[in-house]
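Let's take a friendly walk through the aromatic rings, the charges beside them and the cysteines of this protein. Please keep the viewer open as you read.

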Amino acid sequence: MTRIFDDATRRNIAELCAAFTHLAPADAVPTLKRAAVAIALTEADDGVGTAFLLTRRSASLRAHSAQWALPGGRCDAGETQIESALRELHEEVGLALTERCVLGTLDDYPTRSGYLITPVVVWAGERAVITPNPDEVASVHRISLDAIEAGDAFSFVSIPESTRRVIRFRLGGQLIHAPTAALIYQFREVLAGRNTRVADLEQPVFAWK
């Protein structure tokens, strides 16, 4: 069922986020660097449904270049995770939002590369003007919520390097992996009213550095 981009959907998602119990992973290493990403909700390409913004990172970046990612990055000193997510959203795609736009937060996700990522769900509003920063972002895409709620959107595989399952999100003919896939998957579960945990979902070996 298509989630119409309107105030009723905003209220519904805010209620679902409020009902979700945020959980920090029990085994998170204190030395992990804090980071935050934004799950920024806006109208879908069809002008009717609701979508979130997904970026393709610039090929010139030193770390994780050309990979799919939610807007976000490392928290600056003294910043909260919400402040960081909003700042990064502005720096990467040109959206200047306030904390009044925040609908909630999801679980912290520890990465193999040494970060603890907090996903922040924000309502970007109707006809959000996207202006990608070419130094950081190669392209910005509106991913319909219908796409992540499809039954075959996510798959899980095993790898010899870990006992944990690797999660994959299929977008068109491409596969998006954790951490991004794990964060999107938990958001999908929140939309369904489920408190599904994702900290134990594995990343592919190429993302471990």
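The model shown here is a predicted one. A good place to start is Phe154, which is buried, with 10% of relative accessible area. Where does this ring find a partner?

The structure contains 4 aromatic pairs. In one of them, the ring centres of Phe154 and Tyr185 are 5.1 Å apart and the planes meet at 65 degrees; an angle over 60 counts as edge-to-face, so that is how this pair is classed. The contact joins distant parts of the chain, since Phe154 belongs to strand E9 (residues 154–159) and Tyr185 to helix H4 (residues 180–191), with the two positions 31 residues apart. Tyr185 is buried as well, at 12% relative accessibility.

Tyr185 also pairs with Phe156, again edge-to-face, with 5.7 Å from centre to centre and 80 degrees between the planes. Here too strand E9 is linked to helix H4, as Phe156 lies in the strand and Tyr185 in the helix, 29 residues apart. Phe156 itself is partly exposed, with a relative accessible area of 29%.

The two pairs that share Tyr185 can be set side by side:

| Pair | Centre to centre | Angle between planes | Class |
|---|---|---|---|
| Phe154 and Tyr185 | 5.1 Å | 65 degrees | edge-to-face |
| Phe156 and Tyr185 | 5.7 Å | 80 degrees | edge-to-face |

These three rings belong to one aromatic cluster, made up of Phe154, Phe156, Phe169 and Tyr185.

Now for the charges. Which residue places its charged end over the ring of Phe156? It is Arg165, whose charged end sits 4.2 Å from the centre of that ring. So Phe156 has a role in two kinds of contact: the edge-to-face pair with Tyr185 and the charge of Arg165 over its ring. Elsewhere, Lys33 lies over the face of Tyr115, and the distance to the ring centre is 4.7 Å.

Finally, the cysteines. How many disulfides does a search of the whole structure find? The count is 0. Cys17 takes part in none, and the nearest cysteine sulfur, belonging to Cys101, is 14 Å away. Seen from the other side, the sulfur of Cys101 has Cys17 as its closest cysteine partner, and 14 Å is too far for a bond. Cys17 is buried, at 5% relative accessibility.

Definitions and conventions
Residues are numbered from 1 along each chain as its sequence is written. This is a predicted model: local features need pLDDT of at least 70, side-chain atom pairs count only at pLDDT 80 or more; totals for chains, interfaces and linings use all residues. Side-chain values use heavy atoms; hydrogens and water are left out. Rings of Phe, Tyr and Trp (its six-membered ring) pair if their centres lie within 6.5 Å; planes under 30 degrees apart count as stacked, over 60 as edge-to-face and the rest as tilted. Helices (H or I, at least four residues) and strands (E, at least two) are DSSP runs, numbered from the N terminus. Buried means under 20% relative accessible area, exposed over 50%, partly exposed in between (1.4 Å probe, protein chains only). A charge sits over a ring if NZ of Lys or CZ of Arg is within 6 Å of the ring centre and within 35 degrees of the ring normal. A disulfide is a pair of cysteine sulfur atoms within 2.5 Å.
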